[in-house]
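Subject: Structure handover

Hello,

Here is the structure I said I would pass on. Please have it open while you read the notes below.

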Amino acid sequence: MSAAKTPEWVVREDAAPSVVVALYLRQVLGIRTPDELPHLRGVDAAPIERDPETQAELERQWRAYWEMTVEPLAHTSPVPLDLVDGFDTLVALPTVGFERLELEMRPHAAEAVAFARDVHARYTARSSGAGAVAYRAYAGALAQHERRIGRRAHSFELNVQVLPLSQRGVWWIGALTIAVTDGLRSDVVAFDAAIAPIIAEIA
């Protein structure tokens, strides 16, 4: 982060269990959105066996839950949230309007939580070994961007979710949040190239 009274930048990187649980549920419930985001590795996608109206309502509820999970400050609920039994503290849904999603997610609680905890533990093990080097790519991309445009970068925040996705790449999943494949994040050269246009877009 830069000094006081100058533009500041903040990058938060994680493999948040709550985000992983949401994506796990997306697959096992047969949710199709967001179309551009690949599936998680090691999780079977369920066939869709609901009538179109029920499927559309389930997808609407999941999408709202997804947005609240990825960027809760930007997507607040007009009604109180309540934790869903079986998901520890990883799933909170509005108390009104999410009955279909809650009904269908409950049978998958134990498997979803276990999968998410495992993903987070593996991310933590990798990132703790990397130490401060893990943020070199962000600082390097920012310095390169500043040299190219001839000025200090604007202040920005970026949240990075490092996920075991089935395709290698980077995807926007919120206004301030991207998803990065874990394999790409571990490849220094490839990640440098992938993160540069993201930094240029927001800085």
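Asp-88 sits in the loop between strand E2 (81-83) and strand E3 (92-94); helices (H or I, at least four residues) and strands (E, at least two) are DSSP runs, numbered from the N terminus. Although Asp-88 is not a glycine, its phi is positive, at about 55°. Asp-88 counts as partly exposed because its relative accessibility is 43%. For that scale, buried means under 20% relative accessible area, exposed over 50%, and partly exposed in between, with a 1.4 Å probe and protein chains only.

A second backbone feature is the peptide bond from Thr-33 to Pro-34, which is cis, with omega near -10°. Pro-34 belongs to the loop between H1 and helix H2 (52-70). As background for both features, most residues other than glycine have a negative phi, and most peptide bonds are trans.

How the numbers were made: this is a predicted model, in which local features need pLDDT of at least 70 and side-chain atom pairs count only at pLDDT 80 or more, while totals for chains, interfaces and linings use all residues. Residues are numbered from 1 along each chain as its sequence is written, and side-chain values use heavy atoms, with hydrogens and water left out.

The chain as a whole

The protein chain has 7 helices and 6 strands. Read from the N terminus, their order is β-α-α-β-β-α-α-α-β-β-β-α-α. The C-alpha trace spans about 55 × 35 × 30 Å along its principal axes. The radius of gyration of the protein chain is 18 Å, which agrees with the value near 17 Å for a compact globule of 203 residues; the radius is taken over C-alpha atoms, and the globule rule is 2.2 Å times the number of residues to the power 0.38.

Of the 203 residues, 43% are buried. Among contacts (heavy atoms within 4.5 Å) with a separation of 6 or more, 60% come from residues 24 or more positions apart. The protein chain exposes about 10300 Å², and carbon and sulfur atoms supply 56% of that area. Accessible areas come from the Shrake-Rupley method with a 1.4 Å probe, and for residues only the protein chains shown count as cover.

There are 20 positive and 27 negative side chains, and the centres of the two sets lie 9 Å apart. Lys and Arg count as positive and Asp and Glu as negative, with His and the chain ends not counted. Each charge is placed at NZ of Lys, CZ of Arg, CG of Asp or CD of Glu.

The core

Which residues have the most contacts inside the largest nonpolar core? They are Tyr-65 and Phe-87, in a core of 60 residues. Helix H1 (residues 17-28) gives the most to this core, with 8 residues. A nonpolar core here is a set of buried Ala, Val, Leu, Ile, Met, Phe, Trp, Tyr and Cys residues joined through side-chain atoms within 4.5 Å. In soluble globular proteins, nonpolar side chains tend to be buried together.

Not counting residues up to four places away in sequence, Phe-87 touches Val-21, Leu-25, Met-105, Arg-106, His-108, Ala-109, Ala-112 and Val-113.

Trp-62 lies in helix H2 and is buried, with a relative accessible area of 0%. Beyond its neighbours within four places in sequence, Trp-62 is in contact with Ala-22, Leu-25, Arg-26, Ile-31, Thr-33, Pro-34 and Leu-101. The C-alpha atoms of Trp-62 and Phe-98 are 8.4 Å apart, with their positions 36 residues apart along the chain.

Partly exposed residues

Ala-46 is in the loop between H1 and H2 and is partly exposed, at 26% relative accessible area. Leaving out residues up to four places away in sequence, Ala-46 touches Gln-27, Val-28, Leu-29 and Gly-30. From Ala-46 to Leu-29 the C-alpha distance is 5.9 Å, for 17 residues apart in sequence.

His-75 is in the loop between H2 and E2, and its relative accessibility of 30% makes it partly exposed. With residues up to four places away in sequence not counted, His-75 touches Glu-67 and Met-68.

Glu-157 is in strand E4 (residues 156-163) and is partly exposed at 37% relative accessibility. Apart from its neighbours within four places in sequence, Glu-157 is in contact with Val-10, Arg-12, Leu-176 and Ile-202. Glu-157 and Leu-29 are 128 residues apart along the chain, and their C-alpha atoms are separated by 32 Å.

Regards
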